[in-house]
Amino acid sequence: MSGTFPNISISTERLVLRPLDEDDVPALAEMMNDEQVAAWTDVPQPYTEERARTWITEYAPAERESGRGLDLAVTEFLTQRLVGIVQLAKTNWHIRSTELSYVIAPWARGEGYASEAALATAQWLLRDQKLERIELRTAADNTASQQVAQKIGCISEGVLRNACIAHVRTEDGTWADVRTDFIVWSLLPEDLDGAGEELADSDGFTSFSDWN
């Protein structure tokens with residue numbers, strides 16, 4: 001069984017998730033050059049606008065068309081400013097599962113945008129797309145990402161020991177690899193019950209129903 005994700009736009013109370021376009025190149029490059037992004041992802045550093053353009057025009061379309069995943073820009077509803085990225089990868093249409101990850105720009109952190117975007121994406125995947133499992137993997141020391149997983153209702157399933165490569169700054173300013181554990185989380189359709197209410201209590205949001 002195979003499939004592909006549609007080109008879609010998902011709206012929440014404060015955000016619009018949409019396909020990446022070339023106008024996002026400068027903001028995407030700036031976001032990916034952040035220290036926290038460099039520490040917890042495998043994004044090449046420094047991250048140039050040329051790399052951002054290649055991601056938007058080549059990599060993201062190829063991932064969607066092949067059925068492997070989907071890359072969505074997360075933008076503020078009022079300003080249309082790029083606040084982050086939600087990425088789906090390693091999609092298996094036979095067992096109807098996918099892996100979800102997220103990156104939020106430094107200036108937009110602390111506003112609950114990651115939780116809001118991730119929950120809206122999960123609702124769309126598990127309800128509209130009829131997926132049966134969403135998986136998240138967070139580095140053992142990446143507590144911010146773990147808090148997002150907990151807020152949207154994910155269940156921690158265990159630890160993949162020594163399975164993650166994180167990065168640390170060296171004395172000469174370059175980046176060095178360091179091995180750490182992955183914490184594996186999952187979200188199933190039945191886990192969505194109450195997730196919106198929990199998020200509203202923690203971040204002050206009241207509705208995630210207005211999305212396409």
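Trainee: Which residue follows H5, and what is the sign of its phi?

Mentor: Gly 153 follows H5, and its phi is positive, near 100 degrees. Please keep in mind throughout that this is a predicted model.

Trainee: Which residues of H5 are called buried, and what places them on the same side of the helix?

Mentor: The buried residues of H5 are Ser 145, Gln 146, Val 148 and Ala 149. They cover an arc of only 155 degrees around the axis, and therefore they lie on the same side of H5. These buried residues pack against E5, H4, E6 and E8.

Trainee: What general property of an α-helix bears on such a pattern?

Mentor: An α-helix has 3.6 residues a turn, so residues three or four places apart point the same way.

Trainee: Which residues of H1 are buried, and how do you know that they share a side?

Mentor: In helix H1, residues 25–32, the buried residues are Val 25, Leu 28, Ala 29, Met 31 and Met 32. Their arc around the axis is only 165 degrees, which puts them on the same side of H1. The cover over these residues includes helix H2 (35–40), helix H3 (49–66), E4 and E5.

Trainee: What is the strand order of the sheet, and what makes a strand an edge strand?

Mentor: The open sheet has 8 strands in the order E1-E2-E3-E4-E5-E6-E8-E7, with mixed pairing. Strand E1 (10–11) and strand E7 (155–169) are the edge strands, as each pairs on one side only.

Trainee: Why are E7 and E8 said to pair?

Mentor: Two strands pair if there are at least two bridges between them. E7 and strand E8, residues 175–187, have 11 bridges in the antiparallel sense, so the definition is met. Within this pairing, Ser 156 stands opposite Trp 185 in E8, and Ala 166 stands opposite Val 178 in E8. The hairpin of E7 and E8 has 5 residues between the strands, and Gly 173 in this hairpin takes a positive phi near 90 degrees.

Trainee: Which residue of the nonpolar core should one examine for its contacts, and what does Ile 134 touch?

Mentor: The largest nonpolar core has 37 residues, and Ile 134 is among those that touch the most other members, together with Leu 17, Leu 100, Tyr 102, Trp 124, Leu 136 and Leu 187. H4 gives the most to this core, with 10 residues. Not counting residues up to four places away in sequence, Ile 134 touches Thr 98, Leu 100, Ala 122, Leu 125, Leu 126, Trp 185, Ser 186 and Leu 187. A second, separate core of 18 residues includes Ala 52, Ile 56, Leu 82 and Ile 85.

Trainee: How many disulfides does the structure hold, and how do you know that Cys 154 is not in a bond?

Mentor: The structure holds 0 disulfides. A disulfide requires sulfur atoms within 2.5 Å. The closest cysteine sulfur to that of Cys 154 is in Cys 164, 17 Å away, and is therefore too far for a bond.

Trainee: Why are Cys 154 and Cys 164 called buried?

Mentor: Buried means under 20% relative accessible area. Cys 154 has a relative accessible area of 7%, so it is buried. Cys 164 is at 4%, so Cys 164 is buried as well.

Trainee: Is Glu 99 buried or exposed, and what does it contact?

Mentor: Glu 99, in strand E5, has a relative accessible area of 17%; this is under 20%, so Glu 99 counts as buried. Leaving aside neighbours within four places in sequence, Glu 99 is in contact with Gln 87, Leu 88, Ala 89, Lys 90, Glu 135 and Arg 137.

Trainee: Why is Leu 160 called partly exposed?

Mentor: Partly exposed lies between the limits of under 20% for buried and over 50% for exposed. Leu 160, which lies in strand E7, is at 31% relative accessibility and therefore counts as partly exposed. Leaving aside neighbours within four places in sequence, Leu 160 is in contact with Arg 137, Asp 181, Phe 182 and Val 184. Leu 160 and Glu 135 are 25 residues apart in sequence and 13 Å apart in space, C-alpha to C-alpha.

Conventions:
Residues are numbered from 1 along each chain as its sequence is written. This is a predicted model: local features need pLDDT of at least 70, side-chain atom pairs count only at pLDDT 80 or more; totals for chains, interfaces and linings use all residues. Side-chain values use heavy atoms; hydrogens and water are left out. Helices (H or I, at least four residues) and strands (E, at least two) are DSSP runs, numbered from the N terminus. Buried means under 20% relative accessible area, exposed over 50%, partly exposed in between (1.4 Å probe, protein chains only). The arc is that of the directions from the helix axis to the C-beta atoms. Contact means heavy atoms within 4.5 Å. A nonpolar core is a set of buried Ala, Val, Leu, Ile, Met, Phe, Trp, Tyr and Cys residues joined through side-chain atoms within 4.5 Å.
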